[in-house]
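Student: I have a model open and would like to go through it with you. Can we take it step by step?

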Amino acid sequence: MKRITLTICVVAFLFGACNNNKTEAESASSDSLSPKKEEPAKEKAWIPIDSAAMEKAWMESMAIGEPHKIMAKGAGTWTGDVTMWMADGAPPMKSTSTSVNTMLFGGLYQQAKHSGTMMRQPFEGISTMAYDNTTKEFVSTWIDNMGSGIMLMKGNWNDATKSITLTGKMKNPANGLDCSMREVFKIVDDNHQVLEMYGPDPATGKEYKNMEIQYTRKK
């Protein structure tokens with residue numbers, strides 16, 4: 001770029017007295033070759049709208065709908081019969097767990113506190129489930145005492161199977177890479193639920209079921 005600009009300047013100096021038009025054209029060409037500063041992207045999410053429309057949108061975003069009522073049916077204490085597989089075809093590992101589900105903020109969110117054992121170690125975890133009225137999807141977060149990250153999953157309700165399928169990614173602590181996760185949460189009836197977790201097989205990378213929890217409501 002510097003070489004092109006220097007050449008144009010020399011030509012303009014030598015022939016400027018007898019060819020002003022050519023000088024102007026070459027100057028314009030030089031300008032077109034120079035990088036232009038890009039304008040910063042404008043944030044469009046908060047373009048002002050009238051107050052009535054804003055109020056209506058916010059009221060809709062915080063409204064309790066059927067998806068929230070589905071979550072509310074799961075409030076209470078549940079015992080879990082846990083089965084884990086460390087690889088596809090590996091022998092199952094059995095344990096038990098307890099989950100206490102609580103609805104928050106008037107029924108907008110469900111928080112579940114899980115406790116039990118995993119690989120012979122004390123295990124604690126907390127999940128938060130929401131139905132986002134704006135994006136029209138379920139959103140779930142998960143944290144536990146066997147890691148330091150937050151897993152985020154999103155998905156939809158299938159009325160035919162009475163289940164929610166959530167997908168997301170988590171970091172493999174062994175190499176720091178993302179691996180895909182899938183969760184299927186099925187409501188059998190008012191007192192029974194099933195959670196299935198799927199992830200990549202350590203040997204083949206293909207998806208397999210690595211955990212299943214059969215939940216029974218504690219009376």
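**Strands, turns and surface**

Tutor: Start at one pair. In strand 6, Met-153 is the bridge partner of Ser-140. Keep in mind that this is a predicted model.

Student: How many bridges pair strand 5 with strand 6, and in which sense?

Tutor: The pair Ser-140 and Met-153 gives one way in. Strand 5 and strand 6 also form a hairpin, with six residues between them. The sense of their pairing is antiparallel, and the number of bridges is five.

Student: Which elements make up the protein as a whole?

Tutor: Read from the N terminus. The order is α-α-α-α-β-β-β-β-β-β-β-β-β-β. The secondary structure thus reads as four helices and ten strands.

Student: What do the ten strands close into, and in what order?

Tutor: The pairing is antiparallel. The strands close into a barrel, in the order 1-2-3-4-5-6-7-8-9-10. Direction ignored, neighbouring strands of this sheet are turned against each other by an average of 25 degrees.

Student: How many bridges join strand 4 to strand 5?

Tutor: Take two pairs as examples. Gly-125 has Asp-144 in strand 5 as its bridge partner. Thr-128 has Thr-141 in strand 5. The strands run antiparallel, and the bridges that join them number eight.

Student: Which residue in the turn between strand 4 and strand 5 has a positive phi?

Tutor: These two strands form a hairpin with four residues between them. One residue in the turn has a phi of about 60 degrees. That residue is Lys-136.

Student: Is Thr-141 buried, partly exposed or exposed?

Tutor: Thr-141 sits in strand 5. Its relative accessibility is 29%. Buried means under 20% and exposed means over 50%. The value falls in between, so Thr-141 counts as partly exposed.

Student: Which residues does Thr-141 touch, leaving out those up to four places away in sequence?

Tutor: Look first at Ile-126, 15 residues away along the chain. Its C-alpha atom is separated from that of Thr-141 by 8.2 Å. Ile-126 is among the residues touched. The full list is Ile-126, Ser-127, Thr-128, Ile-150, Met-151 and Leu-152.

Student: How many bridges pair strand 3 with strand 4?

Tutor: Strand 3 covers residues 109–118 and strand 4 covers residues 121–132. Gly-116 stands opposite Phe-123 in strand 4. Ala-112 stands opposite Ser-127 in strand 4. The pairing is antiparallel, and the bridges number ten.

Student: What phi does Met-119 take in the hairpin of strand 3 and strand 4?

Tutor: This hairpin has two residues between the strands. Met-119 takes a positive phi there. The value is near 55 degrees.

Student: Where does Phe-105 lie, and what is its phi?

Tutor: Most residues other than glycine have a negative phi. Phe-105 is not a glycine, yet its phi is positive. With 65% relative accessibility, Phe-105 counts as exposed. Phe-105 lies in the loop between strand 2 and strand 3, and its phi is about 55 degrees.

Student: What is the relative accessible area of Lys-162?

Tutor: Lys-162 is placed in the loop between strand 6 and strand 7. Its phi is positive, near 55 degrees, in a residue other than glycine. Lys-162 is partly exposed, with a relative accessible area of 39%.

Student: Why can Met-93 belong to a nonpolar surface patch?

Tutor: Met-93 is in strand 2, which covers residues 93–104. Patch residues need over 30% relative accessible area. Met-93 is partly exposed and qualifies because its value is 31%.

Student: Which residues make that patch, and what is its area?

Tutor: Met-93 is one of its members. The others are Met-86, Met-119 and Met-146. The patch comes to about 340 Å².

Student: What share of the protein's exposed area do carbon and sulfur atoms supply?

Tutor: Begin with the residues. Of 219, 28% count as buried. The protein exposes about 15300 Å². Carbon and sulfur atoms supply 59% of that area.

Student: Among contacts with a separation of 6 or more, what share comes from residues 24 or more positions apart?

Tutor: This share refers to contacts in the protein with a separation of 6 or more. Residues 24 or more positions apart account for 33%.

Key. Residues numbered from 1 in each chain as written. Predicted model: local features only at pLDDT ≥ 70, side-chain atom pairs only at ≥ 80, totals over all residues. Heavy atoms only, no water. Patch = residues over 30% accessible without salt bridge, like charges linked within 9 Å, V, L, I, M, F, W, Y side chains within 5 Å. Areas by Shrake-Rupley, 256 points an atom, 1.4 Å probe, with all protein chains shown as cover. Salt bridge = Lys/Arg side-chain N within 4 Å of Asp/Glu carboxyl O. Buried < 20%, exposed > 50% of the residue type's maximum accessible area, 1.4 Å probe, protein only. Contact = heavy atoms within 4.5 Å. Pairing = 2+ DSSP bridges. Axes fitted to C-alpha atoms, helices over the stretch in contact; angles between N-to-C directions.
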